[in-house]
Amino acid sequence: MAHRVTFIPGDGTGPEISEAVRRVLEGTGIQFEWDWQSAGADVYEEEGTPLPDRVLDSVRERGLAIKGPVTTPVGSGFRSINVALRKELDLYACLRPCKSYEGVRTRFPETDIVVVRENHEDLYAGVEYELGDQSTADLRAFIEESEGTALREDIGVSIKPISVYGTKRIVREAFEYAKAYGRSKVTVVHKANIMKFTDGLFLATAREVAEQEYPDVEFEDRIVDNLCNQLVSRPEEYDVIVLPNLYGDIVSDLGAGLIGGLGVAPGANIGDDYAVFEAVHGSAPKYKGQNKVNPMALMLSGVMLLRHIDEREAADRLEQAIADVIREGESVTYDMKPTRDDPTAVGTSDVADAVIARMNGAAAGHP
Ligand code: NAD
């Protein structure tokens, strides 16, 4: 039976990347029934919202989506649809595997980590007090009265809520991922030495979940600054890393840097009921329509989708074909060549051709 999946092609370079990804996913031989749903800047012009209900309804009905990047215009009317999707569908976990493939230019060829980032809480909760507002003055007065700290008058404030509920479910997600994919260790990351009531709570709750629910999986903790230092010296010592929202955002970009850049950095946003697979990178609008950018990050997000729906053999085959194309270094886009103006760089659709040929060749016994 065909897998029913919502496909959001996105805007900018999203549609051309999405087309390449559709072709390689179908090239695995797995049957898909796509529901194509446009969203983003162009839709905003036509429908008055960048994320119409039809898109959410489609994902709610199918439970699964794959999504090209969507532009968030700076200073214009609408908020990021990426954030809206995560909130509306309660996609509380952001998974970002960071794996170095042979042939990618990186100083860290041993890297194979998975960053599990909490998506809703922390300084991203959107609870903010603006400089000059009465509510900010009231908050200052409350803080001075209740715990004696006199904050400066000329402040803006962002609130950092971390809950036991939110922490338990992200930590469980990290352990469940480790178990499902045969990974041996989970590292919880925090700054509990400074923020005792938020990061301290995150750490204590993670320890409790680890001890009570997952005694068979190795567990450790790291302070976030120390983790960053260690990731750029010996990333091979890390496996699954679980973090609150802000550290997760920063460390997952660091991870993308470790493995050779945005062109090969996949991701997924996961909740209890729905999952949306998307690359880490944005819509690279300056290259729109040029058949130029690298579709591999979204292809690798497609590999994650295949594993998520338990099509593991197809996932392995597609990942191997992508890895082969990277290692051979010929049919790759400009960002994976030794110099960015390398005339032998191929286009987005050519990468899809090469990956499909590789899958077919491998199947026919031509390595
Ligand atoms: P970007 O990721 O689009 O581009 C950053 C740099 O990386 C650019 O130099 C770009 O050319 C290069 N790049 C990106 N993807 C590439 C690819 N697949 N192959 C080769 N090179 C690639 O980031 P940006 O310029 O900061 O953002 C552009 C727009 O995308 C913004 O509106 C932003 O809000 C949006 N965005 C969307 C998502 C998403 O949909 N999940 C994520 C990040 C940014």
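Before looking at any helices, I noted the cut-offs: angles under 35 degrees count as roughly parallel, over 145 as roughly antiparallel, 65 to 115 as roughly perpendicular, and the rest as oblique. I also kept in mind that this is a predicted model.

**Entry 1: helices 6 and 7**

I started with helix 6 (residues 164–180) and helix 7 (residues 199–213), which pack at an angle of about 50 degrees. Their axes are 9 Å apart. That angle fits none of the named ranges, so I wrote the pair down as oblique. I checked the handedness too: helix 6 passes helix 7 in a right-handed crossing.

**Entry 2: helices 10 and 11**

Next I looked up helix 10 (residues 296–308) and helix 11 (residues 312–328). Here the packing angle is about 160 degrees, and the axes are 7 Å apart. An angle over 145 counts as roughly antiparallel, so helix 10 is roughly antiparallel to helix 11. This crossing is left-handed.

**Entry 3: the ligand**

Then I moved to the ligand. Which residues are closest to it? I found V70, T72, G282, A284 and N294, out of 20 residues that surround the ligand. I sorted that shell by type and got nine nonpolar, seven polar and four charged residues.

I went through some polar contacts one by one. A nitrogen atom of the ligand sits 2.9 Å from a side-chain N or O atom of Y334. E278 places a polar side-chain atom 3.0 Å from a ligand nitrogen. With S283 the backbone does the job: one of its N or O atoms is 3.0 Å from a ligand oxygen. Last, I looked at cover: on its own the ligand has 810 Å² of accessible area, and the protein covers 70% of it.

Technical notes:
Residues are numbered from 1 along each chain as its sequence is written. This is a predicted model: local features need pLDDT of at least 70, side-chain atom pairs count only at pLDDT 80 or more; totals for chains, interfaces and linings use all residues. Side-chain values use heavy atoms; hydrogens and water are left out. A residue is near a molecule or strand if one of its heavy atoms lies within 4 Å of it. A polar contact is a pair of N or O atoms within 3.5 Å; within protein, one must be able to donate a hydrogen and the other to accept it, and residues adjacent in sequence count only if both atoms are side-chain atoms. Accessible areas come from the Shrake-Rupley method with a 1.4 Å probe; for residues, only the protein chains shown count as cover. Ala, Val, Leu, Ile, Met, Phe, Trp, Tyr, Cys and Pro count as nonpolar, Asp, Glu, Lys and Arg as charged, and the others, Gly among them, as polar. Axes are lines fitted to C-alpha atoms, for helices over the stretch in contact, and angles run from 0 to 180 degrees between N-to-C directions. Helices (H or I, at least four residues) and strands (E, at least two) are DSSP runs, numbered from the N terminus. A crossing is left-handed if the near helix is turned anticlockwise from the far one by less than a right angle, and right-handed if clockwise.
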